[in-house]
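Thanks for coming, everyone. I would like to walk through one model this morning, element by element, and you are welcome to stop me at any point.

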Amino acid sequence: MKIVVLAGGLSPERDVSLSSGSLIANALMASGHAVVLADIYEGIKAEEEALPALFLTKEDNRRYEYHIPDTAPDLEALVRKNNGRKELIGNNVLSLCRLADVVFIALHGSMGENGQLQAVLDCNGISYTGTGYTGCLLAMDKDITKRLLCYDNIPTAPWITDDAASLTPEKITASVGFPCVVKPISNGSSIGISFAHNKEELSSALALATDKLSSFGSKRVLVEKLLKGREFSVGILEERALPVIEIIPKEGFYDYKNKYQQGLTTECCPAALSEELVKKVQSLALSVHKALHLGTYSRVDFILSGDGEFYCLEANTLPGMTPVSLLPQEAKADGISYEELCERIAKLAL
């Protein structure tokens, strides 16, 4: 097949995406496909007639590489570099996608996971991997996600959602109480997340959740009750739950740095759980996948609290595919190599 891998974008998660996209493109080339990796925001510098020559095969002996820094990208600087342009899709990107049999979406956050890109590709008759625009919208907005989980009786932590300026300590105390977790409503990779144990920490947490992110996404913030316990994740591939993985950061919580820098987190797969608990959390993950109308693959995150109950944290429509990402580790534990995982996801798009 001819495959365009879309990555990057004007998103706080662009560095993660570029790492995922590089590995995906290399794996697809190794499987015999003609592939091009494109940054959807920065676009394609080549003229339209030169686009077919951008596709690479394994015979070209070229590989994509990208290292994730330990801090989130400066999106304002990226916009300045591109002469202030805030259009989300760069020059010739859609023209390149029309040449492909499949677009492999390797974006994380922003338009890659909120349904905007999927809707654009649908309008242009372009086949793409993963979840459609409806499921992406439902899963990306944490408030909508939690409302749907409650409707289907899937446990999730109590929460409140509002503009940061309206989330007073009195509102937090009356709804979820302290300690609590403060999150941007529509970001992933733990960007902008922090904990608040009192009024002073709440003010700092709300500022962090909105700092540098509001220009490129919703200004709404979600505050939920802090649940302490073990953290697990369950990948879904073709309506089947993969082996459960446990995430154990060596310091702090599973934040941006601990997610993507080698050696900072211990991941155990298969997780050390009883057969009963494995079946329970896999069943819950499938229920979340269906409730949110997700597509051919996803990943669902949980906390196993002290009361023995699994609480859903969130669902990921485009799970990370970096060297330390969870879904590839789960697939490997199920006997699926990284190359085979990418191949299956690409073929499912057809």
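**A walk through the model**

Let me begin with a helix pair: the axes of helix α1, residues 14-30, and helix α13, residues 338-348, come within 9 Å and cross at roughly 90°. An angle from 65 to 115 degrees counts as roughly perpendicular, and α1 is therefore roughly perpendicular to α13. On the α1 side the contact is made by S20, L23, I24, A27, L28 and A30, and these meet Y338, E339, C342, E343 and A346 in α13. Sorted by character, the residues of this contact of α1 with α13 divide into eight nonpolar, one polar and two charged.

Before going further, I should say that this is a predicted model, and that the chain averages a pLDDT of 89, with 91% of the residues scoring at least 70. There are stretches where I would ask you to look at the confidence alongside the coordinates. Over residues 212-216 the pLDDT stays under 50, and the model has 11 contacts for them beyond four places in sequence. Residues 253-261 also have a pLDDT below 50, and this stretch has 44 contacts in the model beyond near neighbours in sequence.

Now to the sheets. Three strands, in the order β2-β1-β3, form an open sheet in which the pairing is parallel. Which strands are at the edges of this sheet? They are β2, residues 34-39, and β3, residues 102-105, each of which pairs on one side only. From one strand to the next the twist averages 25°. Strand β1, residues 2-7, is joined to β2 by six bridges, with the two running parallel, and if you want a place to look, I3 has V35 as its bridge partner in β2.

The next strand I would like to show is β5, residues 180-184, which is mostly covered, with five of its five residues buried. As general background, side chains in a regular strand alternate between the two faces of the sheet. How are the two faces of β5 covered? C180, V182 and P184 lie on one side, V181 and K183 lie on the other, and all of them are buried. As for its partners, β5 runs antiparallel to strand β6, residues 194-196, and three bridges join them, with F195 in β6 as the bridge partner of V181. Strand β5 also runs antiparallel to β7, residues 220-225, through five bridges, and there K225 is the bridge partner of C180.

That brings me to the backbone geometry, where the general expectation is that most residues other than glycine have a negative phi, and most peptide bonds are trans. The peptide bond from F178 to P179 is cis, with omega near -5°, and P179 lies in the loop between α8, residues 169-175, and β5. A cis peptide bond also joins C269 and P270, with omega about 0°; here P270 lies in the loop between β11, residues 265-268, and α11, residues 275-291.

Turning to phi, N153 has a positive value of about 60° although it is not a glycine, and this residue sits in the loop between α7, residues 142-151, and β4, residues 159-163. Is N153 buried or exposed? The cut-off for exposed is over 50% relative accessible area, and N153 counts as exposed because its relative accessible area is 69%. E239 likewise has a positive phi, near 65°, in a residue other than glycine, and is found in the loop between β8, residues 229-237, and β9, residues 240-241. With a relative accessibility of 45%, E239 counts as partly exposed.

Two last items. In helix α6, residues 133-140, the buried residues are G135, C136, L138, A139 and M140, and what covers them includes α4, residues 110-113, α5, residues 116-123, α7, and β13, residues 310-316. Finally, E47 lies in the loop between β2 and α2, residues 75-81, and counts as exposed at 53% relative accessibility. The C-alpha atoms of E47 and R220, which are 173 residues apart along the chain, are separated by 40 Å. I will stop there and take questions.

Definitions and conventions: Residues numbered from 1 in each chain as written. Predicted model: local features only at pLDDT ≥ 70, side-chain atom pairs only at ≥ 80, totals over all residues. Heavy atoms only, no water. Axes fitted to C-alpha atoms, helices over the stretch in contact; angles between N-to-C directions. Helix = DSSP H or I, 4+ residues; strand = E, 2+ residues; numbered from the N terminus. Parallel < 35°, antiparallel > 145°, perpendicular 65-115°, else oblique. Contact = heavy atoms within 4.5 Å. Nonpolar A, V, L, I, M, F, W, Y, C, P; charged D, E, K, R; others polar. pLDDT = per-residue confidence, 0-100. Buried < 20%, exposed > 50% of the residue type's maximum accessible area, 1.4 Å probe, protein only. Pairing = 2+ DSSP bridges.
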